[in-house]
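Grab a pencil and open the viewer. Below are some exercises to work through, each with a solution you can check step by step.

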Amino acid sequence: MMFRFKALQRMREPDELDSPTLLAAPRGWIALFVVMITMTAAVIWAFAGQLLISVSAPGLLTRPGGTAQVQSPFTGMVQRVLTQPTATVTAGQTVIEVQDPAGQIRRITSPFAGHVVGLAVSDGQMIDVGSAVLTVERTDVSGDRMIAMVFVPADRAARLHPGNKVDLAVSTAPPAAFGLLRGTVTSVSPYPLTSEALSGLVGGELAARQFASGSAPRLVVVDLVRDENTRSGFAWSNTSGPQTALTTQVGVSATINLGKQTPFNLILGR
């Protein structure tokens with residue numbers, strides 16, 4: 001029978017039962033301490049850390065009355081368009097003259113006051129009863145002012161409430177150059193908007209498509225924070241903002257700040 005040399009050598013050495021045994025190398029202890037410290041820090045952060053919670057959604061700068069379409073009560077040919085985009089109209093003002101099939105001139109009037117933001121007809125065009133002829137941004141509601149209407153998907157609007165702070169990226173004022181427009185939530189619709197209600201607010205089905213991404217949205221009205229020290233008259237995330245006045249019917253991307261939450265509560269869905 002053949003034995004390895006090391007085995008024979010150990011048989012010749014005395015017993016070493018009382019010698020200390022090395023359980024782990026120094027490197028192993030260092031790695032263990034690093035892991036324990038990391039896990040402890042993670043547990044503390046999960047219970048004591050704070051995460052900013054926000055909801056983002058599209059919207060536009062407008063007025064409390066939103067926009068509305070003027071529809072024709074007559075069938076016939078447009079003889080004259082008596083207004084144009086950016087013009088101001090009053091309630092009862094004639095905006096279109098139409099020649100009906102009997103040859104009579106009919107007058108289409110605007111049922112509300114506001115600013116014309118779009119024309120859908122031109123001279124010589126044939127129209128039917130119910131045809132949209134122009135879109136007006138209404139200025140005849142109480143408390144008329146510039147606001148932001150934000151359309152938040154219903155499944156993300158549960159925690160929204162008046163008083164939430166809002167940052168608005170305005171499409172005509174790039175945030176990289178001018179910062180974010182400041183605002184505060186003043187109301188949240190209790191129910192999702194129907195497609196008809198959404199179209200009525202933004203001026204038609206075509207305009208409404210960009211604000212309805214799959215699910216029916218809830219309307220969040222945002223008041224803009226005033227600041228008379230800026231050219232625009234509103235507060236921005238930097239000190240100046242744009243050097244020109246803001247206009248309505250401009251798209252915005254809103255970030256609504258819901259406050260802070262610990263990572264542990266966020267995981268539990270609280």
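Before you start, keep in mind that this is a predicted model.

**Exercise 1. Work out where Ser 110 sits, whether it is buried or exposed, and what surrounds it.**

Step 1: Find its place in the chain. Ser 110 belongs to the loop between strand S6 (105-109) and strand S7 (114-119).

Step 2: Check the accessibility. Buried means under 20% relative accessible area. Ser 110 comes out at 1%, so it counts as buried.

Step 3: List its contacts, skipping residues up to four places away in sequence. You should get Val 70, Val 89, Thr 90, Ala 91, Gly 92, Gln 93 and Val 95.

Step 4: Look for a polar partner. A polar atom of the Ser 110 side chain lies 2.6 Å from the backbone oxygen of Phe 112.

**Exercise 2. Now do the same kind of check for Gln 99: which strand holds it, and what does it touch?**

Step 1: Gln 99 is part of strand S5 (residues 94-99).

Step 2: Its relative accessibility is 29%, so Gln 99 counts as partly exposed. That label covers values between the 20% and 50% cut-offs.

Step 3: Leave out neighbours within four places in sequence. Gln 99 then has contacts with Thr 75, Gly 76, Met 77, Gln 79, Gln 104 and Ile 105. With one of these, Gln 79, it shares a side-chain polar contact of 3.4 Å.

Step 4: Try a C-alpha distance too. Phe 74 is 25 residues away from Gln 99 along the chain, and their C-alpha atoms are 8.8 Å apart.

**Exercise 3. Build the sheet around S5: in what order do its four strands come, and which strands stand at the edges?**

Step 1: Start with S5 and S6. Five bridges join them, and they run antiparallel. For instance, Thr 94 has Thr 109 in S6 as its bridge partner.

Step 2: See how the chain gets from S5 to S6. The two strands form a hairpin with five residues between them, and Gly 103 in the turn has a positive phi of about 90°.

Step 3: Add strand S3 (residues 76-81). It pairs with S5 over four bridges, again in the antiparallel sense. Here Val 78 has Val 98 in S5 as its bridge partner.

Step 4: Put it together. The open sheet has the order S6-S5-S3-S8, with antiparallel pairing. S6 and strand S8 (126-127) each have a single partner strand, so they stand at the edges with one side left without a neighbour in the sheet.

**Exercise 4. Explain why strand S13 (residues 217-224) is largely enclosed, and find the strands joined to it.**

Step 1: Count the buried residues. Seven of the eight residues in S13 are buried, so the rest of the structure largely encloses this strand.

Step 2: Take strand S10 (residues 147-153). Seven bridges connect it to S13, and the two run antiparallel. One pair to look at is Ala 148, which stands opposite Val 222 in S13.

Step 3: Take strand S12 (residues 181-188). Five bridges join S12 to S13, also running antiparallel. Ser 187 has Val 221 in S13 as its bridge partner.

**Exercise 5. Track down the nonpolar cores: how many residues does the largest one have, and which elements give two or more residues to it?**

Step 1: The largest nonpolar core has 28 residues. Those with the most contacts inside it are Leu 61, Val 152, Leu 168, Val 170, Leu 181, Val 220 and Ile 256.

Step 2: The elements giving two or more residues to this core are strand S1 (51-62), S10, strand S11 (165-170), S12, S13 and strand S14 (250-261). S14 supplies the largest share, five residues.

Step 3: Don't stop there! A second, separate core has 15 residues, including Val 70, Ile 108, Phe 112 and Val 136.

**Exercise 6. Find the aromatic pair and describe it.**

Step 1: The structure holds one such pair. Phe 151 and Phe 211 form it, with 4.9 Å centre to centre and 40° between the planes, which makes it tilted.

Step 2: Place both rings. Phe 151 is in strand S10, while Phe 211 is in the loop between helix H5 (205-208) and S13, 60 residues apart. Both Phe 151 and Phe 211 are buried.

Notes: Residues are numbered from 1 along each chain as its sequence is written. This is a predicted model: local features need pLDDT of at least 70, side-chain atom pairs count only at pLDDT 80 or more; totals for chains, interfaces and linings use all residues. Side-chain values use heavy atoms; hydrogens and water are left out. Buried means under 20% relative accessible area, exposed over 50%, partly exposed in between (1.4 Å probe, protein chains only). A polar contact is a pair of N or O atoms within 3.5 Å; within protein, one must be able to donate a hydrogen and the other to accept it, and residues adjacent in sequence count only if both atoms are side-chain atoms. Contact means heavy atoms within 4.5 Å. Two strands pair if DSSP finds at least two bridges between them. A nonpolar core is a set of buried Ala, Val, Leu, Ile, Met, Phe, Trp, Tyr and Cys residues joined through side-chain atoms within 4.5 Å. Rings of Phe, Tyr and Trp (its six-membered ring) pair if their centres lie within 6.5 Å; planes under 30 degrees apart count as stacked, over 60 as edge-to-face and the rest as tilted.
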